[in-house]
Amino acid sequence: MMVDHAGAARGPFTGARDGFVRDWAAALGSDLPEVSGALAGLTDRLLAAVVRELPVRDVGRALVAHGFASPSDLERTLAFVGERLLDAFGLPAKHTNRLMAVLGGIAAGFSEALRERTVDQQEHNRSQAVRTIRDTEAALRASEAKFRAVFRTSAVGIAVTGLDSEILDFNDALLALLDCRPDQLAGRNARDLVHPDDRDSVDEVAAVLASGVRDHVRAEKRMVRADGEVIDVLIAVSLVRDDAGAPAYHVVMVENLDEVRALQSQLLRQSLHDVQTGLANRMQFLGWLEGAVGSKGPETLALVVFDIDGFRVVNDAFGHDVGNRVLTVVAAHLREVFGGVGRLARIGPDEFGVLLDDPVDIPTVVTLAEEAVELLAEPVWVGDSGIGVTASVGIVVRAARGADAAELMRCADVTLRWAKDDGKAQWALYDRARDDRERRRLMLAASVSGGLEQGDFRVDYEPVRSLADGSLLAVEARLGWDHPTEGYLDPASLASLSACTGMAARLGWWALEQACRHAGAWYRRFGSAAPVLTMDLTARQCQEPELVAEVLRLLRDSGLPASRLRFELGEQLPALITGDQAEELAILAEHGVRFVLDQVGGGNIPVDRLRLVPLHGVKFQGSPVHGLAEGANRLDESAAVALLTWAGTLGIPLHAAGVRTESEAERLRELGVKGAQGPLFGTALWSADEVAAVLGKS
């Protein structure tokens with residue numbers, strides 16, 4: 001009875017099959033699962049071929065398909081199957097002959113598959129080679145087309161010459177450069193186009209290229225046009241080699257240096273001149289200044305800077321075209337005055353600078369500046385509008401040699417600012433002492449932020465006394481700066497310094513926070529006996545969008561009741577704030593914050609503006625207070641009495657500051673003033689601890 005050994009391999013002999021497959025894979029040097037799966041299927045085919053005499057070539061083909069295509073793979077497979085197949089599955093010796101046929105079938109199938117694979121690979125390689133050749137030819141044609149397009153359309157003259165300098169090809173730009181017809185260049189020796197004196201150097205260029213030391217050479221030469229004119233040119237010669245690396249021909253590019261130099265000169269002029277006015281620009285002016293302070297410069301120089309006052313008004317009102325026309329007229333006037341004696345430039349959008357070497361004296365420079373200012377005042381007519389401009393002028397006259405150009409420009413800018421700050425439409429002369437004072441002040445202003453970060457600022461207090469019994473009614477907070485080198489800087493100094501740098505608002509909030517914290521501590525300790533906190537509220541602080549929220553937060557955080565905070569408003573503040581900002585003050589008043597109008601000299605305030613502000617008191621200082629002193633001028637006294645009498649009719653408390661004498665204090669009390677402060681009550685400010693100590697004693 002015949003046994004189905006193939007079926008047995010999938011049934012009872014599964015273990016033998018798995019071991020056979022594992023060993024076969026090891027013989028092929030692979031342990032991949034997918035290889036074992038493929039060999040398991042081939043093992044079933046081998047058993048079927050031995051037992052049932054089925055064809056087995058597909059086993060050899062499958063080996064190639066799975067990547068086992070080398071002669072060693074075939075050799076190991078034949079050896080393994082021939083030695084192990086019968087024993088592994090217990091097949092009788094009678095199948096030996098059939099096994100030999102199976103091995104032959106495996107080899108035949110392997111050979112067929114390998115041959116077909118080789119043919120397919122060769123066909124693929126041939127196709128790939130054809131495609132590569134075609135792509136290369138297409139790229140070459142495209143490259144040649146690009147070169148030809150550049151060659152024909154380039155504005156630079158280009159020629160192709162043989163190694164013997166014969167002109168093989170040329171473009172239209174070269175014909176135009178040399179003023180030649182095509183028949184005058186074709187086949188001609190390029191050396192003949194070069195100036196006779198330069199031909200030997202051209203031969204040297206050819207020798208360098210031929211030696212292989214360099215493939216590119218640039219040089220300035222002279223060429224001769226068809227009409228005999230000699231032109232300076234820049235030539236760039238490149239050696240082109242063939243596929244074998246041997247020299248083939250030269251590509252020569254020729255550029256007219258006269259045109260290049262003219263363009264460079266034009267660009268240089270444009271870079272150093274103002275297009276609108278035709279004057280030198282700031283860059284050239286600074287170059288002049290650098291030269292003037294050098295060792296070969298003049299003994300002295302005068303630097304005069306003009307700035308058109310309010311030029312933006314002209315631009316905004318009439319447009320930039322009219323503004324440019326005005327600038328042109330200004331430049332013409334300055335040329336008229338300084339054209340023969342100095343160098344003139346436009347150094348800013350609306351600034352002009354003049355440099356005078358070795359001026360006769362300072363009055364002469366001033367006279368020229370005044371003459372220019374008078375000319376500028378003449379109107380420029382645009383339609384029916386006569387546009388007039390004024391100028392502020394800064395004048396610096398200094399020794400030239402060894403000076404610093406940047407420092408001179410700084411001095412001129414500073415002096416120009418003085419002229420503007422003093423009212424515009426005038427000149428100012430540089431003053432070193434004034435400059436030193438202002439530089440020190442500006443350096444202090446710039447360091448305000450650092451001082452605040454380092455804790456150099458403090459809040460002190462000036463007492464406000466009752467004129468009735470001398471008790472402490474309030475304390476006015478004063479911000480001070482313990483500067484490490486300048487000493488103590490008082491509130492008046494700080495106000496101007498902080499305004500320079502925009503730190504006023506930040507300092508104001510910091511001072512308010514510190515003062516509220518101090519006043520809150522006094523209130524918690526002394527209750528109603530604690531003084532009211534009073535301090536300035538500036539127009540800048542009124543512009544803060546979160547004014548109400550920030551003040552209420554500070555009161556809440558410090559524990560200070562709103563009724564214990566009193567803001568003093570400068571006499572000009574009602575005229576400066578908007579209706580919305582006045583509403584913010586009204587909201588604070590509704591929460592209990594008090595407001596006092598600080599009348600420095602009893603100046604007039606429009607009643608309609610005064611009604612905008614919630615007022616709970618008025619404070620007078622200056623002439624309304626000092627006019628009450630013993631021996632004061634009768635006119636001042638009567639004015640002070642009239643003002644205070646009228647103020648008493650308002651029905652709000654009156655306060656006085658700057659009280660110096662007992663007689664002033666007595667007259668103020670008689671006229672209804674409740675609280676006063678000033679030298680009479682002590683000149684020293686109190687610290688927060690000193691305020692607490694005074695309260696503790698009382």
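I began with the pairing of S3 and strand S4 (residues 230–241) in this predicted model, and I found nine bridges joining the two strands, which run antiparallel. To have one concrete pair in hand, I looked up Val217 and noted that its bridge partner in S4 is Val237.

I then turned to what packs on the sheet here, and I recorded helix H9 (residues 199–211), which touches S3, S4 and strand S5 (247–256). The direction of H9 makes about 160 degrees with that of S3.

Next I wrote down the whole sheet, which is open and built from five strands in the order S2-S1-S5-S4-S3, with antiparallel pairing. Strand S2 (167–170) and strand S3 (216–224) stand at the edges with a single partner strand each, so one side of each is left without a neighbour in the sheet. I noted a twist that averages 30 degrees from one strand to the next.

For strand S1 (157–161) and S2 I looked up the helix that lies across them, namely H6 (residues 96–153), and I noted that H6 runs at about 80 degrees to S2.

I also went through the aromatic rings, where the count comes to eight pairs, and I marked the cluster in which ring pairs link Phe20, Trp24 and Phe89.

My last entry concerns Gly487, which lies in strand S15 (residues 487–489). Is Gly487 buried, partly exposed or exposed? I entered Gly487 as partly exposed, because its relative accessibility is 30%. Leaving aside neighbours within four places in sequence, I found Gly487 in contact with Trp481 and Asp482.

Notes
Residues are numbered from 1 along each chain as its sequence is written. This is a predicted model: local features need pLDDT of at least 70, side-chain atom pairs count only at pLDDT 80 or more; totals for chains, interfaces and linings use all residues. Side-chain values use heavy atoms; hydrogens and water are left out. Helices (H or I, at least four residues) and strands (E, at least two) are DSSP runs, numbered from the N terminus. Buried means under 20% relative accessible area, exposed over 50%, partly exposed in between (1.4 Å probe, protein chains only). Contact means heavy atoms within 4.5 Å. Rings of Phe, Tyr and Trp (its six-membered ring) pair if their centres lie within 6.5 Å; planes under 30 degrees apart count as stacked, over 60 as edge-to-face and the rest as tilted. Two strands pair if DSSP finds at least two bridges between them. Axes are lines fitted to C-alpha atoms, for helices over the stretch in contact, and angles run from 0 to 180 degrees between N-to-C directions.
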